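Here are some notes on the structure, set out as numbered points. They start with one helix and work outwards to the rest.

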Protein chains: 2
Amino acid sequence: MDRQRPDLDLYEKRGTWVTRVPTGRSVRYVGFMAHSPARNSRSASPAAPRRGRPGYDLESLLAVAVTVFNERGYDGTSMEDLSRRLGIAKSSIYYHVDSKEDLLALALDRALDGLFSVADEVKSSDGPAIERLERLVRGSVHVLAERMPYVTLLLRARGNTTTERRALVRRREFDQIVADLVAEAERDGEVRPDVDPAITARLLFGLVNSLVEWYRPSRRPKEPAGSAPTGPIAASELADAVCTVAFDGLRIRGSANHLAATAAEQDRDMKAVRQ
Amino acid sequence: MDRQRPDLDLYEKRGTWVTRVPTGRSVRYVGFMAHSPARNSRSASPAAPRRGRPGYDLESLLAVAVTVFNERGYDGTSMEDLSRRLGIAKSSIYYHVDSKEDLLALALDRALDGLFSVADEVKSSDGPAIERLERLVRGSVHVLAERMPYVTLLLRARGNTTTERRALVRRREFDQIVADLVAEAERDGEVRPDVDPAITARLLFGLVNSLVEWYRPSRRPKEPAGSAPTGPIAASELADAVCTVAFDGLRIRGSANHLAATAAEQDRDMKAVRQ
């Protein structure tokens with residue numbers, strides 16, 4: 001391979017841009033467009049405007065396909081539906097991919113590759129398990145925010161096709177990484193042992209995954225009358241909020257009600273630490 | 001009305017059992033079966049076994065319909081599909097309801113009525129806002145666990161039909177009750193002010209709602225090798241776990257790393273409370 005655009009899953013092989021299509025345990029590389037990405041990008045010469053219908057590269061075609069899959073369900077979407085929505089002939093879609101399931105595979109991998117790149121980074125890093133867990137949560141929130149339509153599709157996959165079942169296997173691998181980190185942090189005495197670690201792990205990523213149901217980068221959820229900020233929510237603010245609630249809880253540690261109830265317990269803990 | 005079975009949404013009117021079907025702002029009552037619930041219940045005389053295909057009362061018909069809606073999507077399910085799955089003629093379904101949308105309305109109300117009965121109970125109770133909020137979360141987890149297929153259908157409603165849009169209006173009312181309670185608890189100084197209360201409210205019910213994705217009363221999620229209990233998870237254990245994580249966080253308050261980092265801060269808080 002000469003050049004790579006791994007951010008777009010694009011690789012140049014013998015002068016042709018290709019993308020990866022998973023087949024069983026390996027991937028095959030398929031060519032997907034007549035022009036190099038540069039020719040299709042916004043930096044293309046303004047002196048040569050395109051005529052007629054807008055063209056699609058695989059990336060923009062995939063983005064539209066995923067939107068339609070999320071609206072109508074993958075099973076409920078035909079290539080005919082996609083061709084209508086894209087405003088191009090079915091043959092133009094087949095120029096890029098062999099089947100609807102290829103589009104699904106590319107979309108699900110977009111989500112999973114994002115999550116696994118965070119998991120790999122965390123696995124190869126040092127520090128206490130609870131800090132690595134927090135980095136995994138924070139990174140996953142960023143992946144969700146940045147690849148939301150792809151992650152939404154992944155979370156809705158029920159295993160109706162080979163491609164979905166393959167994605168569910170990878171998703172379970174990811175869940176296992178989370179569960180192992182939670183268990184390790186519990187052995188370190190950093191995560192509460194009164195909740196089953198498998199349940200803790202599920203709740204933690206239940207919280208993260210539920211973001212796809214309401215988070216839109218451009219707007220804040222509705223406030224009760226008379227309160228607080230409005231405007232967009234950045235992914236980093238969201239990641240902070242998720243980590244704060246998940247790791248420290250929404251109850252204020254120093255609140256009057258809470259301290260009165262737990263003062264004796266805290267005294268004991270503090271003494272133990274300082275001795 | 002002479003007799004009522006509000007647990008099944010059944011009411012007796014002029015000698016006939018009816019159920020409520022919402023129409024716009026009001027409800028209409030429609031008759032739905034030839035026999036009283038007692039005749040169809042398990043207490044029916046064992047001396048008179050039924051012959052041929054099993055009969056369905058509205059309740060069991062609704063349960064099957066909701067299962068199919070969740071599997072195939074409401075839009076992707078036809079009355080033909082329901083009739084095949086139930087093993088009865090379409091006319092037998094129409095004996096109970098006028099349309100597929102009537103079944104959807106009954107199912108979504110089953111979920112919403114459960115959630116609002118918890119909200120109403122909490123609204124009419126006393127105590128600090130944070131305690132009422134915790135009761136609301138705990139009660140909602142029980143509703144989710146007990147009416148899971150109905151709540152799952154509710155959470156997937158996207159507003160494609162009048163009935164779904166009406167359900168979404170009620171769901172937003174419920175979300176507003178949660179947001180108002182969070183804001184009140186924040187004014188009381190019991191909920192952390194460093195997270196926007198609207199985001200806190202979303203995260204809190206994101207956590208609760210995510211249960212439908214993995215919770216099955218009969219089995220525990222997979223454990224990392226060598227750890228912890230197996231067997232079913234009772235709704236009360238689940239409610240405890242959700243409240244513990246949401247309100248107190250999964251980090252142990254007295255852990256060495258955490259206490260070392262926050263000892264000074266806690267000292268200050270404790271002093272303030274004891275003065």
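**Notes on the predicted model**

1. Helix 6 of chain B covers residues 129-146, which makes 18 residues. Its first and last C-alpha atoms are 26 Å apart, close to the 26 Å expected at 1.5 Å a residue. As with everything below, this comes from a predicted model.

2. Which residues of helix 6 of chain B are buried? They are A129(B), I130(B), R132(B), L133(B), L136(B), V137(B), G139(B), S140(B), V141(B), V143(B), L144(B) and A145(B). The list includes R132(B) and S140(B). These buried residues pack against helix 5, helix 7 (148-156), helix 8, helix 9 (197-209), helix 10 (211-214) and helix 11 (235-248) of chain B.

3. L136(B), in helix 6 of chain B, is one of those buried residues. The largest nonpolar core has 146 residues, and L136(A) and L136(B) touch the most other members of it. Apart from neighbours within four places in sequence, L136(B) is in contact with V118(B), A119(B), V122(B), F174(B), I177(B), V178(B), L181(B) and F205(B). As a general point, nonpolar side chains in soluble globular proteins tend to be buried together.

4. F174(B), one of the contacts of L136(B), also belongs in the account of the aromatic rings. Over all chains the structure holds eight aromatic pairs. In one of them, the ring centres of F116(B) and F174(B) are 5.9 Å apart and the planes stand at 75°, so the pair counts as edge-to-face. F116(B) is in helix 5 (residues 100-123) of chain B and F174(B) is in helix 8 (residues 162-187) of chain B, so the pair ties together parts 58 residues apart in sequence. Both are buried: F116(B) has a relative accessibility of 10%, and F174(B) has a relative accessible area of 3%.

5. W214(B) and Y215(B) have ring centres 6.3 Å apart and planes at 85°, so this pair is edge-to-face. Both residues are buried. In chain A, ring pairs link F116(A), F174(A) and F205(A) into a cluster.

6. Rings also take part in charge placements. The charged end of K100(A) sits over the ring of Y74(A), 4.1 Å from the ring centre. In chain B, K100(B) lies over the face of Y74(B), also at 4.1 Å from the ring centre.

7. Helix 2 can be described in both chains. In chain A it covers residues 58-72, and its 15 residues should span 21 Å at 1.5 Å a residue; the end C-alpha atoms are 21 Å apart, which agrees. Its buried residues are L58(A), L61(A), L62(A), A65(A), V66(A), V68(A), F69(A) and N70(A). In general, an α-helix has 3.6 residues a turn, so residues three or four places apart point the same way. Just after helix 2 of chain A, G73(A) takes a positive phi of about 85°.

8. Helix 2 of chain B, residues 58-72, also has 15 residues and reaches 21 Å between its first and last C-alpha atoms, close to the 21 Å expected. L58(B), L61(B), L62(B), A65(B), V66(B), V68(B), F69(B) and N70(B) are its buried residues. The helix is followed by G73(B), whose phi is positive, near 85°.

9. N70(A), buried in helix 2 of chain A, has a partner in helix 7. T152(A) lies in helix 7 (residues 148-156) of chain A and, leaving aside neighbours within four places in sequence, is in contact with N70(A) and V212(A). T152(A) counts as buried, with 9% relative accessibility.

10. Is G127(A) buried or exposed? G127(A) is partly exposed, at a relative accessible area of 36%. It sits in the loop between helix 5 (100-123) and helix 6 (129-146) of chain A. The C-alpha atoms of G127(A) and L82(A) are separated by 47 Å, with their positions 45 residues apart along the chain.

11. On cysteines, the count of disulfides over all chains is zero. C243(A) counts as buried at 2% relative accessibility, and C243(B) is buried with a relative accessible area of 2%.

12. For chain A as a whole, the secondary structure comes to 12 helices and four strands. Of its 275 residues, 49% count as buried. Of the contacts in chain A with a separation of 6 or more, 56% are between residues 24 or more positions apart.

Terms used
Residues are numbered from 1 along each chain as its sequence is written. Chains are lettered from A and ligands numbered from 1 in the order in which they are written. This is a predicted model: local features need pLDDT of at least 70, side-chain atom pairs count only at pLDDT 80 or more; totals for chains, interfaces and linings use all residues. Side-chain values use heavy atoms; hydrogens and water are left out. A disulfide is a pair of cysteine sulfur atoms within 2.5 Å. Buried means under 20% relative accessible area, exposed over 50%, partly exposed in between (1.4 Å probe, protein chains only). Helices (H or I, at least four residues) and strands (E, at least two) are DSSP runs, numbered from the N terminus. The expected span of a helix is 1.5 Å times one less than its number of residues. Rings of Phe, Tyr and Trp (its six-membered ring) pair if their centres lie within 6.5 Å; planes under 30 degrees apart count as stacked, over 60 as edge-to-face and the rest as tilted. A charge sits over a ring if NZ of Lys or CZ of Arg is within 6 Å of the ring centre and within 35 degrees of the ring normal. Contact means heavy atoms within 4.5 Å. A nonpolar core is a set of buried Ala, Val, Leu, Ile, Met, Phe, Trp, Tyr and Cys residues joined through side-chain atoms within 4.5 Å.
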